Amino acid sequence: MRIRSLAMMACLALAPFASAQQTPIAFINAKLISITSDEVERGTLVIHDGRITAIGATADIAVPTGATVIDCAGKVIMPGLVDTHNHIGGVGGADGSAPIQPDVRVYDSINALDSGFRRAVAGGLTTLNIMPGSGHLLSGQTVYVKLREAKTIEDMMIFDESGEPMGGLKMANGTNPMRDPPFAGTRGKAAAMVRETFVRAQEYKARREAKAAGEEPVAEGGSDEKKKDPAARDLGLEALVEVLEGKRIVHHHTHRADDIMTVLRLKEEFGFRVVLHHVSEAFKVADEIAAAGVPCSAILVDSPGGKLEAAELTMETGAVLERAGVKVAFHTDDWITDSRLFLRMAALAVRAGMSREAALASLTIRGAEMMDLADRVGSLEAGKDADFVLLSGDPFSVYTKVEQTWIEGARVFDRSDPDHRL
C-alpha cells in the first residue's frame, strides 16, 4: 500500500482508528468488490464514524475535505467475511445431563481473550455466529459477534433494537447426538424427542398468552410449582417460543439427505426459520431444499476422513444448490477449517462449478442474511458498518494475502504489524 506522505504514515501507525473516528478516511484507487453491485476496477471507499459514507469509481467520489487518504492501487477491498458457524473462544454448551437444553447460552462460556479471535481477523473474518457443539439434539443458544478488540464477550456482541444479544439456536441430527439414554439411540427417536419438545413450547406459549390476556392458563403435568402457576417462567421454553415466533433462527447441523428431509418436515410442522448447516448430501435433495425456501450454510474440506455420514461430501455442493435456486453460505466450523483459510473454501466451490458472484456472496451477504444482519454487514454500501478487508490480490487467488481487516472503522488486523503477524 502507498500512503501519500511520511506524516500520514506516522499518523496511521499511531492512531488506533477507533470505531467513532473523527476524521473521514478515504481508500482510493482500489479494486472494489461490493457484492451487491458490479466490481469497480479503480474505486474509492470513504468511511466515517464507523460507517461507509461513500463508495464508487474514484472519478465519481469526492474525497471529504480533511480526510485521511490512503492510496490502495493494486489492492482489493471487499466486505468483511461473515462466518455462520464457528466454535472459537473456548465455547461450551449443553452438558451430558440431557439431549435438549435450549436454556444454555453459549456466550456464558466464551473467553473473549482467546487467541482464536486473532486468527479469525487474520483471515478477514469480521462477523461470526459462535455455536455450541453438535453432540446434542439441541445444545443451546448461539451468539452473533463482531470481532472488535475486546476484553469481554459483551464488547463483541451484536445487540438488537431492544438491547438483547442476537443469536440463533443450535440443533443437530444424525449420528452426533445419538448415544445412550437419556439421549436418542435412533434417528426416529431423535425426531420424536424434538417434536415433543416443540409441542411443549407451543403449549407454554399458549399459557403465557392466556395469562397476559387475564385468562386462567391450563395447568400441565410437572412440578407442583408449575401446577400452582401454569405460566411460570421456563428459560428453555422461552428460547423455543422465540424460535416459534421467528425471532430466533434455528441453525441445524445435518449431513445425510434423509436427515435433511427430517429437518424440513419439522420446519414445516412447527413453522420455524432454519438454516441447514454442513449439508454433505444436499446435492441429492437440492430441489426439495429449494422448494422449502431454506438456505444452506455448507462446508468444504479438501482432505478425506471424518464421519461416515459425510462420506459423500462433494466440492460441487455449492454449484448444485446455486443451480437449484438455494441461497448458499459457507462456514469454517473452526477448527474444522482454520478461519485464516476461509477464502479458499469459496475458491474450491468456484473450481467445482459455482459462479464467482455466488461464491463471493457466500462469504459475505448470504451469511449476513442467515443471521438477520444484512442491513448492517455483508456488502459495501453507504450507510452500512465499515467492515471490510484489504487484500493483496483477487480473493480467490492462492497467492492473495489478507493485508488488513477493519471493523466499524477500526483497523483490527494489519499484516505489516509484527505483533499481528504472530
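**Figure 1. Contact between helices α3 and α5 in the predicted model.** From α3, the contact residues are Thr197, Phe198, Arg200, Ala201, Gln202, Tyr204, Lys205 and Arg208. They meet Leu237, Glu238, Leu240, Val241, Val243 and Leu244 of α5. Sorted by class, this contact has eight nonpolar, two polar and four charged residues. Helix α3 covers residues 187-212, and helix α5 covers residues 235-244. Two packed helices are described by the angle between their axes and the distance between those axes. Here the angle is about 90 degrees, and the axes are 9 Å apart. Angles of 65 to 115 degrees count as roughly perpendicular. α3 and α5 are therefore roughly perpendicular to each other.

**Figure 2. Helix α8 and its cover.** Helix α8 spans residues 317-324. Its buried residues are Thr317, Gly318, Ala319 and Leu321. Among the elements covering these buried residues are α7 (286-292), β14 (296-298) and β15 (328-330). Gly325 comes just after α8. Gly325 takes a positive phi of about 95 degrees.

**Figure 3. An open sheet of three strands.** The strand order is β7-β8-β10, and the pairing is mixed. β7 (81-86) and β10 (143-146) are the edge strands, each pairing on one side only. Neighbouring strands of this sheet are turned by 20 degrees against each other on average, direction ignored. β7 pairs with β8 (residues 125-130) in the parallel sense, over four bridges. In this pairing, Asp83 stands opposite Leu128 of β8. β8 and β10 run antiparallel and are joined by four bridges. There, Ile130 stands opposite Val143 of β10.

**Figure 4. The two faces of edge strand β10.** Both faces of β10 are covered. Val143 and Val145 lie on one side. Tyr144 and Lys146 lie on the other. All four residues named here are buried. Val143 also takes part in the strand pairing, opposite Ile130.

**Figure 5. An aromatic cluster of Phe27, Phe388 and Trp406.** The structure holds five aromatic pairs. One of them joins Phe27 and Phe388 edge-to-face. The ring centres are 5.1 Å apart, with 75 degrees between the planes. Phe27 lies in strand β2 (residues 25-32) and Phe388 in strand β16 (residues 388-391), so the pair ties together parts that are 361 residues apart in sequence. Phe27 is buried, with a relative accessible area of 0%. Phe388 is buried too, with a relative accessible area of 1%. Ring pairs link these two residues and Trp406 into the cluster.

**Figure 6. Ser379 in the loop between α11 and β16.** Helix α11 covers residues 365-370. Ser379 is found in the loop that lies between this helix and strand β16. Ser379 is buried, with a relative accessible area of 1%. Buried means under 20%, so Ser379 meets the cut-off. Leaving aside residues up to four places away in sequence, Ser379 touches Ser34, Ile35, Thr36, Ile52, Pro79, Ile365 and Lys384. Thr364 and Ser379 are 15 residues apart in sequence. In space, Thr364 and Ser379 are 6.7 Å apart, C-alpha to C-alpha.

Definitions and conventions
Residues numbered from 1 in each chain as written. Predicted model: local features only at pLDDT ≥ 70, side-chain atom pairs only at ≥ 80, totals over all residues. Heavy atoms only, no water. Axes fitted to C-alpha atoms, helices over the stretch in contact; angles between N-to-C directions. Parallel < 35°, antiparallel > 145°, perpendicular 65-115°, else oblique. Contact = heavy atoms within 4.5 Å. Nonpolar A, V, L, I, M, F, W, Y, C, P; charged D, E, K, R; others polar. Buried < 20%, exposed > 50% of the residue type's maximum accessible area, 1.4 Å probe, protein only. Pairing = 2+ DSSP bridges. Phe/Tyr/Trp six-rings, centres within 6.5 Å; stacked < 30°, edge-to-face > 60°.
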